[in-house]
Amino acid sequence: MKAEIIAVGTELLLGQIVNSNAQFLSVELAALGIDVYFQTVVGDNSVRLQEAIEIAKGRADLILFTGGIGPTEDDLTKDALAASLGRGLHIDQMAMEHVDRFFKGRGVPMTENNRRQALVIDDSTPLPNETGLAVGLAIRHESNYYIVLPGPPREMKPMFTEQAKPWLQQHALTNEMPLYSKMLKFAGIGESLLEDKLINLIHGQNDPTIAPYAKEGEVTVRISTKAPTRSEAMEKLDALEEQIRAILPENLYASTDVPMEKVIVDWMTNEGLTVSCAESCTGGLLMESITSIPGSSSMFMGGIVCYSNEMKQKLLNVPKNYLEGPDSFGAVSREVAEVLAEQVRITTGTDYGLSITGVAGPGSSERKPVGLVYIGIAEKDGKTEVFELRLSGNRDNIRIRSVKAILYRLWRRLAERKADTPLEGSGLK
């Protein structure tokens, strides 16, 4: 079954409200085996709304509306749909009693326009609103199904879950199989290179399907299949995951939708390992990333933002001749990154020390280009490694990508340390 979501409200077009309803409904519909092919946003205009309905009729089996069912004159969804279907509107008695009780309970008079919230289309099924006043509705007309829901998420979500979903399962989904997905998370590789590595699988896909998409500093691949039961679906998805893992074992860090920092926090906590950080150009972003994860207090001991050369010298004992002078390496250098990682580890007594120093922009520094970054990893009783990055983008992009890069390198080091006993679901295999 193909679905289209029509969100109604001029405030959505103006960007005053984010359309989070479409995201919620897309996830819920996918779980029911319904494919959302289109999402439309229409302002509070009856003509344009009816035009959108006519277009949706021709390309979707199920059309869901959110918003435009309140008490005011610009709440036009039910009127426009009724006109499109050639049906009338009437007051639903139970919905009207619900509205009456609300105003009587507050001790305030009900204005006449609030009666609009009890309107339903003739021969439709009313969907009671347990958290608001405007009644929703479900209706089948010819070959299409229609669901009308309120706009506020606190009203829309429970109405869909408790009212619309059971109606769909009873009236429209007798032959639909639910969709199951796994989210595979990758780091240390770009979207284009990842696609190139998986191109044979992508070209040969049928069931399960493969869909890569990129976020800042990482790539996600969604693998999906429809099946009568979860166990049958997981059997197919697990087999495909193993094929992908065999191709990209050094990049697939998780088989659930979790960030790299959570995988690292959980892994290090489980192993009783600790880490500390020394940051220059990222200004504490790495530490914020780690400490945003619940439970990080057991593995993160602390860190230092050594933004200036003076702080690098005073707090982490970087030699002055490394930083200043005609023959110095400069603050943005492999040598300084190495000292920072080693000294922060020694100072805090941790198992690992991480460092970042670079040029985030917008201007160059020490005659070194924007995007040149060095990241270091020092390990107790182990080696210290420094990696040079040549990053593109604006200041924020460079800082975020620097953090993602060092988290990836730490994950790789942890994988090397304990490759034979991976944390469940972590990708550390």
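This briefing walks through one loop residue and then the aromatic rings of the structure. The model is a predicted one, so please read every value below as computed from it. Two spots make good starting points: Gln 117, which is buried, and the ring pair of Phe 24 and Phe 160.

**Gln 117 and its surroundings**

- Gln 117 sits in the loop that runs between α5 (93–106) and β5 (119–121).
- With a relative accessible area of 7%, Gln 117 counts as buried, because the cut-off for that label is under 20%.
- Leaving aside residues up to four places away in sequence, Gln 117 touches Ile 69, Gly 70, Pro 71 and Lys 78, and also Leu 133, Ala 134 and Val 135.

**Aromatic pairs**

- The count of aromatic pairs comes to 6.
- One of them joins Phe 24 and Phe 160 in an edge-to-face arrangement, with 6.3 Å centre to centre and 85° between the planes.
- That pair links distant parts of the chain: Phe 24 belongs to helix α2 (residues 20–31) and Phe 160 to helix α6 (residues 153–171), 136 residues apart.
- Both partners, Phe 24 and Phe 160, are buried.
- Elsewhere to look: Tyr 253, Tyr 408 and Trp 411 are linked into a cluster by ring pairs.

**Arginines over ring faces**

- Arg 59 lies over the face of Phe 38, at 3.8 Å from the ring centre.
- Over the face of Phe 387 lies Arg 409, at 4.2 Å from the ring centre.

Methods: Residues numbered from 1 in each chain as written. Predicted model: local features only at pLDDT ≥ 70, side-chain atom pairs only at ≥ 80, totals over all residues. Heavy atoms only, no water. Helix = DSSP H or I, 4+ residues; strand = E, 2+ residues; numbered from the N terminus. Buried < 20%, exposed > 50% of the residue type's maximum accessible area, 1.4 Å probe, protein only. Contact = heavy atoms within 4.5 Å. Phe/Tyr/Trp six-rings, centres within 6.5 Å; stacked < 30°, edge-to-face > 60°. Lys NZ or Arg CZ within 6 Å of the ring centre and 35° of its normal.
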